[in-house]
Amino acid sequence: MTEFPNLSRRGFLTSTAAVGGLLTVPGLLSACSKTDSGDGSGKLAQLKKQGYVKVAYANEAPYGYKDNGQLKGEAPTLHREIFKALGVPELRPTFSEWDGLIPGLQAGKYDVISAGMAIIPDRCAKALFSEPEFISPTAMMVKKGNPKKLTDLAAAKKAGATIGVMSGAVEKDYATGAGISAGSIKTLQSPQDGADAVKAGRIDAFLLTSISLNWLAKTNSGLEVTQPFIPEVDGKKQYSPGGAVFRKGNEELRDAFNEQLKKITSDQARYVKLIGQYGFGKETIPPANLKTADLCKG
């Protein structure tokens, strides 16, 4: 069996949406009342009865974001399909700053986090994760023509490149693990800040998942994205899986979600048809032996 040690995706990415900000769109009405079932027993039955599930997003494309008043992205598209199959036809969205997502879940502000959140041990201690929805290799955004010929972090170190990373994100660990000095690593607050820093020459490359960077490149001319690569930390490859997040005690709901998720991730054509428009494809389908229980162990 293939081993997938220390797999992780984005760290605590910061979004541009306000904490608790609400969006109302047809079929996706906002709500803020707490409807937790206490110990979590019968949560799915409760959601079926009320006909909706409260879901939190970080307003980050292409994972879950609002565009002209519409909720779009990988997570809402995938999770709408899953909850519909579970007998819960409506998603009621809340947008939150990234570092407020898990605290908001714990406080009962919503039932699920649908933000492509990385499955890592410290988060597993605070909440329940679904099985992985996707994996995403890492890439770098550089100026058109890639003047320093950067292909991966080893090449970046050799070239003496200055690397930009998101505040609190796992990519900083990747850069540090590759031997890039702290003085050559610059912290940015948003993906667009990273793109702007590359354009202005303040950094040579912006490090993030290839999915995020390819999406960002659509709206930023004069930049390009390198071929994806798998970074290593302490000799272990970082495959970057993400999943949905549930409150502790809601194992029944999480397990029911996983059953429907598996039907999608085991059907390549269905997976690509659902979320291919957001940059997800056969290469982002999680391997069948990549399990959240192992990821949570680190």
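In the predicted model, Gly 164 has Lys 186 of strand S11 as its bridge partner. Strand S10, residues 163-166, and S11 are paired in the parallel sense over 4 bridges. Both strands belong to an open sheet of 5 strands, ordered S11-S10-S12-S9-S13, in which the pairing is mixed. S11 (185-188) and S13 (223-225) form the edges; each has a single partner strand, so one side of each has no neighbour in the sheet. From one strand to the next, the twist averages 30 degrees. In general, the strands of a sheet pair through backbone hydrogen bonds, in either a parallel or an antiparallel sense.

Two helices lie across strands of this sheet. Helix H7, residues 191-200, lies across S9 (138-143), S10, S11, S12 (205-209) and S13, and runs at about 150 degrees to S12. Angles over 145 degrees count as roughly antiparallel; H7 is therefore roughly antiparallel to S12. Helix H8, residues 210-217, lies across S9, S12 and S13. The angle of H8 to S12 is about 120 degrees.

A further helix pair is formed by H9 and H10, which pack at an angle of about 100 degrees with their axes 6 Å apart. The two helices are therefore roughly perpendicular to each other. H9 contributes Lys 263, Ile 264 and Thr 265 to the contact, and H10 contributes Arg 270, Tyr 271 and Leu 274. Classified by residue type, the contact of H9 with H10 comprises 3 nonpolar, 1 polar and 2 charged residues.

H9 and H10 also supply residues to the largest nonpolar core. This core has 33 residues, of which Val 53, Phe 83, Phe 246 and Phe 280 touch the most other members. At least two residues of the core come from each of helix H1 (43-50), strand S2 (52-57), helix H2 (74-85), strand S5 (90-95), strand S16 (241-246), helix H9 (251-265) and helix H10 (268-275). The largest share, 5 residues, is that of H9. With residues up to four places away in sequence not counted, Val 53 touches Leu 47, Phe 83, Val 88, Glu 90, Leu 91, Arg 92, Asp 111 and Val 112. Charged residues in this list include Glu 90, Arg 92 and Asp 111. A second core, separate from the largest one, consists of 18 residues. Ala 56, Leu 101, Met 117 and Leu 290 are among the members of this second core.

Note on methods
Residues numbered from 1 in each chain as written. Predicted model: local features only at pLDDT ≥ 70, side-chain atom pairs only at ≥ 80, totals over all residues. Heavy atoms only, no water. Core = buried A, V, L, I, M, F, W, Y, C linked by side-chain atoms within 4.5 Å. Buried < 20%, exposed > 50% of the residue type's maximum accessible area, 1.4 Å probe, protein only. Contact = heavy atoms within 4.5 Å. Pairing = 2+ DSSP bridges. Axes fitted to C-alpha atoms, helices over the stretch in contact; angles between N-to-C directions. Parallel < 35°, antiparallel > 145°, perpendicular 65-115°, else oblique.
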